[in-house]
Amino acid sequence: MDNCIFCNIVRGLAPAKILHQDDEVTAFYDSHPITPVHVLIVPNRHIVSVNQLEAKDENMLGHMVMVARALAITLNLKESGYRLVFNTGPDAGQSVNHLHLHLIGGRRMPFRFEE
């Protein structure tokens with residue numbers, strides 16, 4: 001997708017502070033953080049959302065979570081805690097149509113959602 005900001009970050013065509021990149025996924029700091037630590041982990045292949053995942057994506061999805069876990073340790077979130085979030089669709093807050101996992105932490109978060 002030529003106009004996808006996350007695809008362009010993966011390809012090095014858009015700026016981002018990359019924390020991890022391998023053959024399957026790329027992780028970088030969110031440009032509009034909601035917590036002191038806010039990292040996005042994206043598949044290098046364009047997938048719109050969780051709704052477009054296929055059985056063949058199981059390993060990649062697990063790898064996204066394991067990369068998030070490793071980054072949480074590196075970023076000193078292991079003891080205090082962190083949250084992993086996939087938003088799917090506009091009502092859930094998905095603002096970029098490229099699957100991404102949010103790793104958020106660095107402050108105490110509410111245990112329930114506001115209405």
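In the protein chain, residues 24 or more positions apart make up 53% of the contacts with a separation of 6 or more. The model behind this value is predicted.

**Layout**

The protein chain holds two helices and five strands. Along the sequence they come in the order α-β-β-β-α-β-β. The radius of gyration is 14 Å, close to the 13 Å that the globule rule gives for 115 residues, so the protein chain is as compact as a globular protein of that length. The C-alpha trace spans about 35 × 30 × 30 Å along its principal axes.

**Surface and charge**

Of the 115 residues in the protein chain, 37% count as buried. The exposed area is about 7400 Å², and carbon and sulfur atoms supply 52% of that area. The protein chain carries 10 positive and 12 negative charges. The mean positions of these two sets lie 8 Å apart.

**The nonpolar cores**

The largest nonpolar core has 16 residues. Those with the most contacts inside this core are V39, I41, M64, L71 and L103. Four elements each supply at least two residues of the core, as the table lists.

| Element | Residue range |
|---|---|
| β2 | 25-29 |
| β3 | 37-43 |
| α2 | 58-74 |
| β5 | 101-105 |

Which element gives the largest share of this core? That is α2, with six residues.

L71 shows how the core is joined. Leaving aside neighbours within four places in sequence, L71 is in contact with L19, A27, V39, I41 and L103. Of these partners, V39, I41 and L103 are also among the residues with the most contacts inside the core.

Another core lies apart from the largest one. This other core has 10 residues, among them F6, I9, V10 and L40.

**A buried aspartate**

D57 sits in the loop between β3 and α2. Is D57 buried or exposed? The relative accessible area of D57 is 2%. Buried means under 20%, so D57 counts as buried. Which residues does D57 touch, not counting those up to four places away in sequence? They are R45, I47 and Q52.

**In brief**

The predicted model has the pattern α-β-β-β-α-β-β. Its largest nonpolar core has 16 residues, and α2 supplies six of them. Another core, of 10 residues, lies apart. D57, in the loop between β3 and α2, is buried.

Methods. Residues are numbered from 1 along each chain as its sequence is written. This is a predicted model: local features need pLDDT of at least 70, side-chain atom pairs count only at pLDDT 80 or more; totals for chains, interfaces and linings use all residues. Side-chain values use heavy atoms; hydrogens and water are left out. The radius of gyration is taken over C-alpha atoms; the globule rule is 2.2 Å times the number of residues to the power 0.38. Buried means under 20% relative accessible area, exposed over 50%, partly exposed in between (1.4 Å probe, protein chains only). Contact means heavy atoms within 4.5 Å. Accessible areas come from the Shrake-Rupley method with a 1.4 Å probe; for residues, only the protein chains shown count as cover. Lys and Arg count as positive and Asp and Glu as negative; His and the chain ends are not counted. The place of a charge is taken as NZ of Lys, CZ of Arg, CG of Asp or CD of Glu. A nonpolar core is a set of buried Ala, Val, Leu, Ile, Met, Phe, Trp, Tyr and Cys residues joined through side-chain atoms within 4.5 Å.
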